[in-house]
Amino acid sequence: MAQQLSGVTVVIFIAGGILTFILLFIFAKRQIMRFALRSRRGPHVPIGHDGKKTLKREIERRIEVVPKIAFEPKLMTIDQDDDLSKYILPPPESNNKPLLSHHYRMKAVDDVKKLEREITKQDKTLTRHPSENIRSFLLNTLAVLLDGSGQHIVHQFCDLYEHARYDPNEFLDEEYQSFIRLMKKLIDIAKLLKSYSGESRKNSPNKTPTRNNNMRTGTNESLRTKDRDSNLLKVL
């Protein structure tokens, strides 16, 4: 009797352990799915449910492109009829009241586009995406024209740009004028891109090298003489 009870208890313990394991597994799986749905940026419903695979892939491709979309609008405009910018109009000119700091900041952010347009004008392949760092863009595009002092100008210019855009310290007319002076120097450097690209194209070999006909005729004559010598030996 004791052996039978011990066997029954063992089976009960094994069944209880298996049942507990199954319950814990289901609970853990539900919790993992819940946290995954909370942390996921996508919808809770599967994308393209009951749709074709091509449709699902196209929807996922377009969703992945959304974070890469960026745009840098023109913040200020001089002409009130300018359709390119209707965000913030310049303050009225007054001799008594100086312009505020944010006015110079917005002008500096807008003026960077002049340098980018000049670089693109000289070489249409050189364009900056809004999400691309301005410092790396200038160093890469103007690297062939810059020496040590030129790179120092780029770093000074980018430091002032980041000051105007991100730094909470004041950015007034003095900083803005130094920003404009550096930008004019970089524009003058960018104007040399077209001439440099033209010279590099002239120096690059466009034609395929011609064969040396003398070498070819020499080899043919040597083969002919060898054939003649072999024929004479056969006759002898």
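What pLDDT does the chain average, and what share of the residues score at least 70? This is a predicted model, and the chain averages a pLDDT of 75, with 68% of the residues scoring at least 70.

That confidence isn't spread evenly. Helix α6 (residues 173–190) gets the highest mean, 91, while helix α8 (residues 213–235) sits at the bottom with a mean of 48. Two stretches drop below 50, and here's how they look:

| Stretch | pLDDT | Contacts beyond near neighbours in sequence |
|---|---|---|
| residues 201–219 | below 50 | two contacts |
| residues 231–236 | below 50 | zero contacts |

So much for confidence; on to the fold. The secondary structure is easy to list: eight helices and zero strands. Reading from the N terminus, the order is α-α-α-α-α-α-α-α.

As for packing, 22% of the 236 residues in the chain count as buried. Take the contacts between residues at least 6 apart in sequence, and 55% of them join residues at least 24 apart. The accessible surface comes to about 19300 Å², and carbon and sulfur atoms account for 58% of that.

Part of the nonpolar surface can be pinned down by name. V10, I14, I18, F21, I22, F25 and I26 make a nonpolar surface patch of about 700 Å². One of these residues, I14, is found in helix α1 (residues 2–39). Is I14 buried, partly exposed or exposed? I14 counts as partly exposed because its relative accessibility is 48%, which falls between the 20% cut-off for buried and the 50% cut-off for exposed.

Another residue to click on is L172. You'll find L172 in the loop between α5 (148–165) and α6; α6 is the helix with the highest mean confidence in the chain. With a relative accessibility of 34%, L172 also lands between those two cut-offs, so L172 counts as partly exposed.

Which residues does L172 touch, leaving out those up to four places away in sequence? The answer is S101 and Y104. There's a backbone distance to go with that: the C-alpha atoms of L172 and L100 are separated by 7.6 Å, although the two residues are 72 residues apart along the chain.

Key:
Residues are numbered from 1 along each chain as its sequence is written. This is a predicted model: local features need pLDDT of at least 70, side-chain atom pairs count only at pLDDT 80 or more; totals for chains, interfaces and linings use all residues. Side-chain values use heavy atoms; hydrogens and water are left out. Helices (H or I, at least four residues) and strands (E, at least two) are DSSP runs, numbered from the N terminus. Buried means under 20% relative accessible area, exposed over 50%, partly exposed in between (1.4 Å probe, protein chains only). Contact means heavy atoms within 4.5 Å. Accessible areas come from the Shrake-Rupley method with a 1.4 Å probe; for residues, only the protein chains shown count as cover. pLDDT is the predictor's confidence in each residue, from 0 to 100. Patches are made of residues with over 30% relative accessible area and no salt bridge: like charges are joined within 9 Å, nonpolar side chains (Val, Leu, Ile, Met, Phe, Trp, Tyr) within 5 Å. A salt bridge is a side-chain nitrogen of Lys or Arg within 4 Å of a carboxyl oxygen of Asp or Glu.
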